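Here is a friendly walk through a single protein model. Please have your viewer open and ready to select residues as you read.

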Amino acid sequence: MFWQDYLPNPIFFSIGPFIVHWYGLILVLAIIMATWQAKKYFIKKNILTSSQFEDLSFYIIIFGLLGARFGHIVFFNFFYYLHNPVDIFKVWQGGMSIHGALFFGILTVFFWSRRHKINFWKMADGLALAVPLGQAIGRWGNYFNQELFGKPTSAWWGIPIAPINRVSGYEDFNYFQPIFFYESLACLILFIILYKLIYNNTFKKGTLTLFYFIGYAFIRLMIEFVRIDETAILFGMRMGQIISIVIILLALAFVYQLYMKPLSKQQK
């Protein structure tokens with residue numbers, strides 16, 4: 001593949017002290033595309049007005065980004081940032097956790113929906129469709145930062161990693177599994193599946209949201225088996241796997257609540 005002989009530069013362009021990084025550029029593109037998809041759905045379904053969506057998206061983007069950084073720092077690299085607090089602000093170097101973004105994002109939607117008296121599950125379903133599209137795009141930022149790769153491989157799809165970015169113990173290997181690509185492709189497939197399902201009126205409100213959480217958590221659970229970057233280990237499992245298992249169990253509990261028990265007024 002084209003990337004076997006190409007070592008990406010994390011900087012898109014620079015003019016004097018002004019530097020634009022690929023990571024930030026791709027993150028902005030991911031947000032734009034996810035926002036566009038969500039807005040199209042909300043307007044078509046008459047769930048939100050254009051001005052309401054703009055207000056909601058402003059808060060989701062702000063708190064989602066804060067949550068993504070918070071999750072990366074607290075759940076995955078706490079002790080590193082404890083000893084290097086200045087690096088907390090170096091977001092151009094990467095370091096965003098989708099788990100943190102989802103947690104802060106869902107809290108934002110919950111409180112916004114209560115304030116504006118709009119059904120929370122209707123809103124969550126529309127956003128659940130948009131999120132995997134943004135993830136599919138956003139993961140390419142990790143490629144340019146050379147920060148999301150897996151075990152060494154001799155396969156034709158392996159990607160070269162600069163020596164400075166290689167994980168300790170793997171310095172003598174040149175090609176590694178493109179984890180960013182695996183996850184990007186899996187999220188794109190998840191987006192297509194949810195897109196096919198969201199206009200099916202036989203599902204109860206909230207079903208698509210739960211499908212997303214189960215689907216993405218399963219993707220992340222599997223991918224963690226191949227990742228080699230340092231992370232916290234609990235019960236012999238990587239932190240990403242622990243969080244994914246918790247998400248799957250919680251989502252399944254909500255599915256049971258949704259389909260096996262009488263609906264609450266909020267769900268009707």
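The report below covers aromatic pairs, a hairpin, salt bridges and enclosed spaces, in that order.

## Aromatic pairs

Please keep in mind that this is a predicted model. Searching the whole structure gives 26 aromatic pairs. One of them joins Tyr-170 and Phe-173, whose ring centres are 6.1 Å apart with 50° between the planes, a tilted arrangement. Tyr-170 has 25% relative accessibility and counts as partly exposed. Phe-173 is partly exposed as well, its relative accessible area being 39%.

Tyr-212 and Tyr-216 offer another geometry to look at: their planes are at 10° and their ring centres 6.2 Å apart, so this pair is stacked. Both tyrosines belong to helix α8, which covers residues 207–223, and they sit 4 residues apart, about one turn of the helix. Are these two rings buried or exposed? Tyr-212 is buried, because its relative accessibility is 2% and the cut-off for buried is under 20%. Tyr-216 is also buried, with a relative accessible area of 2%.

## An aromatic cluster and a hairpin

If you colour the aromatic residues, one cluster to pick out is made up of Phe-12, Phe-13, Phe-18, Trp-22, Trp-140, Tyr-143, Phe-144, Phe-180 and Phe-181. Phe-13 from this cluster also stands opposite Val-20 of strand β2.

That brings us to the strands themselves. Strand β1 (residues 11–15) and strand β2 (residues 18–21) run antiparallel and are joined by 4 bridges. The hairpin they form has 2 residues between the strands, and Gly-16 there adopts a positive phi near 60°. As a reminder for viewing, side chains in a regular strand alternate between the two faces of the sheet.

## A salt-bridge network

Side chains of opposite charge can pair when their charged atoms come close. The whole structure contains 6 salt bridges by the search used here. Which residue makes a salt bridge with Arg-220? Glu-224 does, with the closest N and O atoms 2.7 Å apart. Glu-224 counts as buried at 3% relative accessibility, and Arg-220 counts as buried at 5%.

Glu-224 also meets Arg-227 in a salt bridge, at 3.5 Å from N to O, and both of these residues are buried. A further bridge links Glu-224 with Arg-238, where the N to O distance is 2.5 Å. Arg-238 lies in strand β6 (residues 237–238), whereas Glu-224 is in the loop between α8 and β5 (233–234), so this pair ties together parts that are 14 residues apart in sequence. Arg-238 is buried too, at 12% relative accessibility. Through shared partners, salt bridges connect Arg-220, Glu-224, Arg-227, Asp-229 and Arg-238 into one network.

## The cavity

How many cavities of 30 Å³ or more are there? The count is 1, and the largest cavity has a volume of about 30 Å³. The residues lining the largest cavity are Asn-142, Tyr-143, Gln-146, Glu-147, Leu-148, Phe-149, Ile-159, Ile-161 and Phe-180. By character, the lining comprises 6 nonpolar, 2 polar and 1 charged residues.

Two of the names should look familiar. Tyr-143 and Phe-180 are among the residues of the aromatic cluster, and they also take part in the lining of this cavity.

## The second largest pocket

Now for an open space. The second largest pocket has a volume of about 600 Å³. Its lining consists of 17 residues, and those nearest the centre of the pocket are Phe-103, Ile-106, Phe-213, Ile-247 and Leu-250. Sorted by character, the lining of the second largest pocket has 14 nonpolar residues, 3 polar ones and no charged ones.

Which helix gives the largest share of this lining? Helix α9 does, with 6 residues. At least two residues each come from α4 (98–116), α5 (120–138), α8 and α9 (239–260). Helix α8 therefore appears twice in this report: it holds the stacked pair's residues, Tyr-212 and Tyr-216, and it supplies part of the lining of the second largest pocket.

Note on methods. Residues numbered from 1 in each chain as written. Predicted model: local features only at pLDDT ≥ 70, side-chain atom pairs only at ≥ 80, totals over all residues. Heavy atoms only, no water. Phe/Tyr/Trp six-rings, centres within 6.5 Å; stacked < 30°, edge-to-face > 60°. Buried < 20%, exposed > 50% of the residue type's maximum accessible area, 1.4 Å probe, protein only. Pairing = 2+ DSSP bridges. Salt bridge = Lys/Arg side-chain N within 4 Å of Asp/Glu carboxyl O. 1 Å grid on protein atoms, 1.4 Å probe; cavity = no way out; pocket = protein on both sides within 12 Å on 5 of 7 lines; lining within 4 Å. Points joined across faces, edges and corners; volume = space filled by probe spheres on them. Nonpolar A, V, L, I, M, F, W, Y, C, P; charged D, E, K, R; others polar.
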